[in-house]
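Please look at the sequence together with the 3D structure before reading on. The report that follows begins with an annotated span, then turns to a pair of helices, to aromatic rings and to one further helix.

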Amino acid sequence: MKKSKELELKSTITNTFLKTVSAFSNYNSGKIIFGVDDSGKIIGLENIEELCLDLENKINDNISPKPDFKFIKDSKKNIITLIVEEGFNKPYLYKGKAYKRNDTSTVEVDRIELNRLTLLGLNQYYEELKARKQNLEFKVLTKELEEKLSLKDVSKDVLKTLNLYDDKIGYNNAAELFADNNTFSGTDIAKFGKNIDEILDRNLFINMSIISQFKKTLEVFNRYYKYEQILGSERIEKELIPEKAFRETIANALIHRTWDVNSNIRVSMYEDKIEISSPGGLPSGISEKEYLNGQISQLRNPILANIFFRLKYIKMFGTGIRRINESYKDYAVKPAFEIFENSIKITLPIIKTELFLTTDERIIMDILEKGAILSSSEILEKVEFKKDKLNRILKNLIQKNYIDVIGNGRGTKYLKK
């Protein structure tokens with residue numbers, strides 16, 4: 001046995017275990033085993049029947065509201081396992097304070113976290129609370145609704161339908177986030193040069209509609225990670241990073257982040273990658289595996305998510321991570337996901353195709369370097385391959401999405417992506 005976030009070990013019984021009961025009741029369930037020391041060695045206890053009754057009384061007398069728990073008694077080893085289930089009536093308090101697990105220790109939650117627990121207990125979301133600003137304008141949102149949904153008159157009734165306005169409280173936090181001007185944090189973008197000491201560009205999008213944040217962030221991305229290649233009379237758009245992946249990442253950051261903290265989404269742009277860090281860890285009720293598999297069971301901001309879906313910024317709830325991964329399916333490099341207690345970081349690497357090249361394929365890719373656009377016969381003049389072998393290599397490179405084809409028939413030519 002080893003202590004973990006879900007397992008606490010106690011060699012003796014003191015009232016400190018009640019803090020852990022509060023923690024497990026508030027977050028993700030867990031077990032406390034009495035009669036085992038921190039190293040996992042079984043010490044054993046005397047009179048475990050009587051001790052169970054004492055433990056039950058301590059919990060009922062000191063934890064409010066009453067948590068959901070049960071005991072498993074092992075008479076051979078003389079140990080007691082207390083199983084505490086996560087409850088619905090949050091927050092569960094011990095001496096007026098709520099607790100959570102921080103790795104293998106139990107700590108008191110801060111004011112913001114306590115507010116979140118209270119909202120969970122009331123089955124409410126932060127975005128539903130009354131907005132600090134009530135004098136709001138929605139020119140940006142109105143334009144999008146007109147273009148995407150053909151709504152000509154965005155009235156209070158429309159805002160009610162979108163769950164942005166209520167006759168009792170007025171505008172909620174979700175409404176203020178969509179308003180042209182608001183009091184919320186936003187998106188901080190830094191474009192670096194050779195290292196983090198060299199900042200080439202800085203953009204800070206705050207106190208504005210999250211629609212504006214979304215669009216302006218995409219504009220910065222297009223400035224640095226997309227370009228046009230002119231081929232004769234044609235202009236072919238190229239991407240250093242799949243735009244689809246970046247679009248999904250930013251949309252997910254905006255609709256899944258915590259908005260009750262004064263912290264910006266950080267977008268760090270490098271020569272070889274983009275890192276997007278979003279405030280807030282995983283929403284309650286979602287495991288890391290569920291998140292990475294795109295199985296969203298609990299939206300942190302369902303009103304924001306619903307409007308982003310209606311405006312076609314996202315395709316479907318819970319598919320963002322899968323779509324990010326799919327954007328890289330034809331490339332050697334892959335996105336990376338890091339989940340922390342209070343943030344999530346997604347890294348989108350520059351597309352590099354050379355990693356999966358055979359020796360013969362590398363020869364062809366080297367020939368097509370620096371924008372060369374060649375026919376198969378022109379390539380054949382530069383290699384020692386026979387025509388059939390060259391055609392097989394070109395076909396493989398096309399399937400791997402490493403080269404583009406322009407023209408057809410005898411006019412077919414090849415170029416590196």
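In this predicted model, the span of residues 4–109 is 24% helix and 35% strand, and the C-alpha atoms at its two ends lie 18 Å apart. The UniProt record, an unreviewed entry, lists residues 4–109 as "domain: Schlafen AlbA-2".

**Two helices that cross**

Helix α4 covers residues 139–149 and helix α7 covers residues 210–225; their axes come within 8 Å and cross at roughly 75 degrees. Because angles of 65 to 115 degrees count as roughly perpendicular, α4 and α7 are described as roughly perpendicular to each other. On the side of α4 the contact is made by V140, L141 and E144, while α7 contributes I211, S212 and K215. Sorted by character, the residues of this contact comprise 3 nonpolar, 1 polar and 2 charged.

**Aromatic rings**

A pair of aromatic rings is described by the distance of the centres and the angle of the planes. The structure holds 12 aromatic pairs, and two of them are set out in the table.

| Pair | Centre to centre | Angle between planes | Arrangement |
|---|---|---|---|
| Y165 and Y171 | 5.1 Å | 70 degrees | edge-to-face |
| F184 and W259 | 6.0 Å | 85 degrees | edge-to-face |

Are the two tyrosines Y165 and Y171 buried or exposed? Y165 has a relative accessible area of 19% and is therefore buried, since buried means under 20%; Y171, at 9% relative accessibility, counts as buried too.

In the other pair of the table, the planes of F184 and W259 stand at 85 degrees, so the pair is edge-to-face. This pair links distant parts of the chain, for F184 sits in the loop between α6 (173–178) and β11 (187–192), whereas W259 sits in the loop between α8 (243–256) and β15 (265–269), 75 residues apart. Both F184 and W259 are buried.

Aromatic residues also gather in a group: F178, F214, F308 and Y313 form one aromatic cluster.

**Helix α10 and its surroundings**

One member of that cluster, F308, is also among the buried residues of helix α10, which covers residues 302–310. The other buried residues of α10 are I303, L304, A305 and I307. Which helices do the buried residues of α10 pack against? They pack against α4, α6, α7 and α8, and two of these, α4 and α7, are the helices whose axes cross at roughly 75 degrees. After α10 comes K312, whose phi is positive, near 65 degrees.

Notes: Residues are numbered from 1 along each chain as its sequence is written. This is a predicted model: local features need pLDDT of at least 70, side-chain atom pairs count only at pLDDT 80 or more; totals for chains, interfaces and linings use all residues. Side-chain values use heavy atoms; hydrogens and water are left out. UniProt positions are given in the numbering used here, feature names are shortened, and annotations may be inferred rather than shown by experiment. Helices (H or I, at least four residues) and strands (E, at least two) are DSSP runs, numbered from the N terminus. Axes are lines fitted to C-alpha atoms, for helices over the stretch in contact, and angles run from 0 to 180 degrees between N-to-C directions. Angles under 35 degrees count as roughly parallel, over 145 as roughly antiparallel, 65 to 115 as roughly perpendicular and the rest as oblique. Contact means heavy atoms within 4.5 Å. Ala, Val, Leu, Ile, Met, Phe, Trp, Tyr, Cys and Pro count as nonpolar, Asp, Glu, Lys and Arg as charged, and the others, Gly among them, as polar. Rings of Phe, Tyr and Trp (its six-membered ring) pair if their centres lie within 6.5 Å; planes under 30 degrees apart count as stacked, over 60 as edge-to-face and the rest as tilted. Buried means under 20% relative accessible area, exposed over 50%, partly exposed in between (1.4 Å probe, protein chains only).
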